[in-house]
Amino acid sequence: MELFASMVNSREAEIDDVIGVMDGMLLKTECISERVEQNAFYSGYECDTTVNNVFTYGPDGKVFLAAIYFPGSWADGSLCTRFLDSIRRRIGHYKICVDQGFPWSSDAWNILVGPMNERSARRLHPSMREYMLRVSNVYTSLRQSSKWGMRALQVSFPWFKKRLPSDSKQRRLVVQSIILTHNFRTDIVGRNQIKTVFDPEYERYVNLQGYDRIEQ
């Protein structure tokens, strides 16, 4: 965990306790014969039968925390409350960056962090607003990493574009196998956008237009 925090801090000097980014992914699945279970897995937002999964990516590009095979009708926020205690035990005093779909207060305080909205920013005292907005912008930048991670899973493994099997054991095995294969591929091959950006062997510099560039 300390290594992950130092890798993030080497790129974003404003924070020193964030070790990864978290996001949810809805996957379409075949209809389930059992009526009550089918009702739970039906997502009104997607208008389809889905399973919800939450993945946490470290700065090395690999998934180090995952909650898989939850009903698609459960939003990321309600799903997250079921494993907050497990996250707290595993990461200690470190934090994970999330978007506004996850809770930041109550039980998630000092575990999950993320960019604040404009309404919250207006409520801040003027003496704190500049600093908090600067940190919020850092969280917004870090949140992009989860999109790279999700894209790596969906592009590299076509199974995530197809419907998962209706059998619960097969569904679970498919998702677990893809996660483990992704981690193995990232570790051995190394072609991963998150790993490239946060790798300490790469030098980051800013060009004249203010964009980050990577130099090996």
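**Exercise 1.** Does Tyr69 count as buried or exposed, and at what relative accessibility?

*Solution.* The structure is a predicted model, and the values used here are computed from it. The cut-off to apply is that a residue is buried when its relative accessible area is under 20%. Tyr69 has a relative accessibility of 15%, and therefore it counts as buried. To place this residue in the fold, note that Tyr69 lies in strand β4. Its backbone deserves a careful look as well, since Tyr69 has a positive phi of about 60° although it is not a glycine.

**Exercise 2.** Describe the aromatic pair that Phe41 forms with Tyr69, and explain why the pair is called tilted.

*Solution.* Begin with the count for the chain, which comes to three aromatic pairs. For Phe41 and Tyr69, the ring centres are 5.5 Å apart and the ring planes meet at 35°, so this pair is tilted. The reasoning rests on the cut-offs, because planes under 30 degrees apart would count as stacked and planes over 60 as edge-to-face. Next, locate the two partners: Phe41 belongs to helix α2 (residues 35–41) while Tyr69 belongs to strand β4 (residues 63–71), so the pair ties together parts that are 28 residues apart in sequence. Finally, consider the surroundings of the helix partner, where Phe41, at 5% relative accessibility, counts as buried.

**Exercise 3.** Which residues does Ser136 contact, once its neighbours within four places in sequence are left aside?

*Solution.* First find the residue, which sits in helix α6, a helix that covers residues 126–156. With the sequence neighbours within four places set aside, Ser136 is in contact with Pro115 and Met116. The accessibility of Ser136 is 6%, and so this serine counts as buried.

**Exercise 4.** What radius of gyration would a compact globule of 216 residues have, and what value does the chain have?

*Solution.* A compact globule with 216 residues would have a radius of gyration near 17 Å, and the chain has 18 Å, which agrees. Taken along the principal axes, the box filled by the C-alpha atoms is roughly 55 × 45 × 35 Å. Within the chain there are eight helices and eight strands, and buried residues make up 44% of the 216 residues. Turning to contacts between residues at least 6 apart in sequence, one finds that 60% join residues at least 24 apart.

**Exercise 5.** How many positive and negative side chains does the chain have, and how far apart do the centres of the two sets lie?

*Solution.* The chain carries 28 positive and 25 negative side chains, and the centres of these two sets are 5 Å apart. As for the surface, the chain exposes about 12600 Å², of which carbon and sulfur atoms supply 50%.

Methods. Residues are numbered from 1 along each chain as its sequence is written. This is a predicted model: local features need pLDDT of at least 70, side-chain atom pairs count only at pLDDT 80 or more; totals for chains, interfaces and linings use all residues. Side-chain values use heavy atoms; hydrogens and water are left out. Helices (H or I, at least four residues) and strands (E, at least two) are DSSP runs, numbered from the N terminus. The radius of gyration is taken over C-alpha atoms; the globule rule is 2.2 Å times the number of residues to the power 0.38. Buried means under 20% relative accessible area, exposed over 50%, partly exposed in between (1.4 Å probe, protein chains only). Contact means heavy atoms within 4.5 Å. Accessible areas come from the Shrake-Rupley method with a 1.4 Å probe; for residues, only the protein chains shown count as cover. Lys and Arg count as positive and Asp and Glu as negative; His and the chain ends are not counted. The place of a charge is taken as NZ of Lys, CZ of Arg, CG of Asp or CD of Glu. Rings of Phe, Tyr and Trp (its six-membered ring) pair if their centres lie within 6.5 Å; planes under 30 degrees apart count as stacked, over 60 as edge-to-face and the rest as tilted.
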